[in-house]
Amino acid sequence: SASDPLAMTADSRFPPLLALVDTVSSRMQAAHISNATDALACDLATIVKNAAATRATVGIMLKGAIIDNLMIGAPGLQSKKLSKGDEILKVDGLEVDAENVVDFLIGPDTPDSDVSITVKKRNGEEMVVGLKRMATERVADKRQMFEYFTQIKDAAVKSGDNRAADLVDATVDLWSK
């Protein structure tokens, strides 16, 4: 409200997020009105089900085998060795591709288990990064927010709305600082 200084500060500090929420809300309303399938809702249901099914995570969000983002507070980001755009080549010494990389990263699905990830950095350099999987519940809320942001970004990219996709990236970057 106008009398709440914290609300005014949030509105003025986070216009990209507010614009993104408005954009997504408008698209979802338009999809509902036109009786189109709401792929975003279907994908979120699948993601929530899948997220609840794992007990351990390294906090890496992927597009195929390319790192698309790293979850705040999770081992991938805390290592300070992985970056958006890195390509995962191997997990525990075994070659991976877009089809199997997630399964290899989940591995035994045991918190505190070790995993070795070989990545190709954007400059072409290969690097081996050792991580320890952490309990999913420790990052569950942040993980779900990242999954939501990823789904919003995917919907924006699929619809050709690069501005909305850029706003998601800017929001995640701001949140990650």
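This passage walks through a set of paired strands, two loop residues, one helix and a cavity in a predicted model.

A good place to begin is strand E6, which covers residues 114-120 and has partners in both E4 and E7. With strand E4, residues 87-91, E6 pairs in the antiparallel sense over four bridges. Within that pairing, Lys 90 is set opposite Thr 118 of E6. The pairing of E6 with strand E7, residues 126-132, is likewise antiparallel and runs over seven bridges. Here Ser 116 faces Gly 130 of E7. The hairpin formed by E6 and E7 has five residues between its strands, and one of its features is Gly 124, whose phi is positive, near 95°.

Strand E4 also meets strand E5, and these two run antiparallel, joined by two bridges. Lys 90 appears again in this pairing, this time opposite Glu 95 in E5. Lys 90 thus has a counterpart in E6, namely Thr 118, as well as one in E5, namely Glu 95. The hairpin of E4 and E5 has two residues between the strands, and Asp 92 belongs to this turn with a positive phi near 50°.

Asp 92 deserves a second look, since the positive phi of about 50° occurs here in a residue that is not a glycine. Asp 92 lies in the loop between E4 and E5, the latter spanning 94-95. With a relative accessible area of 43%, Asp 92 counts as partly exposed, because this value falls between the limits of 20% and 50%. A second aspartate, Asp 112, also has a positive phi, near 75°, without being a glycine. The loop that holds Asp 112 connects helix H5 (101-106) and E6. Asp 112 has a relative accessible area of 55% and is therefore classed as exposed, the cut-off being over 50%.

Attention now turns to helix H6, which takes in residues 140-158, 19 residues in total. From the first C-alpha to the last, H6 reaches 27 Å, close to the 27 Å expected at 1.5 Å a residue. The buried residues of H6 include Arg 143, Glu 147, Lys 153 and Asp 154, along with Phe 146, Phe 149 and Ile 152. Some general geometry helps in reading such a list: an α-helix has 3.6 residues a turn, so residues three or four places apart point the same way. After H6 comes Gly 160, with a positive phi near 80°.

H6 also takes part in enclosing empty space. The model has one cavity of 30 Å³ or more. The volume of the largest cavity is about 50 Å³. Its lining is made up of Met 61, Asp 68, Asn 69, Phe 146, Phe 149, Thr 150, Lys 153, Val 168, Asp 169 and Val 172. Strand E3 (66-70), H6 and helix H7 (162-176) are the elements that each supply two or more of these residues. Which element gives the most to the lining of the largest cavity? That element is H6, with four residues. Phe 146, Phe 149, Thr 150 and Lys 153 are among the residues that line the cavity, and these are also among the buried residues of H6. By character, the lining of the largest cavity divides into five nonpolar, two polar and three charged residues.

Conventions:
Residues numbered from 1 in each chain as written. Predicted model: local features only at pLDDT ≥ 70, side-chain atom pairs only at ≥ 80, totals over all residues. Heavy atoms only, no water. Expected span 1.5 Å × (residues − 1). Buried < 20%, exposed > 50% of the residue type's maximum accessible area, 1.4 Å probe, protein only. Pairing = 2+ DSSP bridges. 1 Å grid on protein atoms, 1.4 Å probe; cavity = no way out; pocket = protein on both sides within 12 Å on 5 of 7 lines; lining within 4 Å. Points joined across faces, edges and corners; volume = space filled by probe spheres on them. Nonpolar A, V, L, I, M, F, W, Y, C, P; charged D, E, K, R; others polar.
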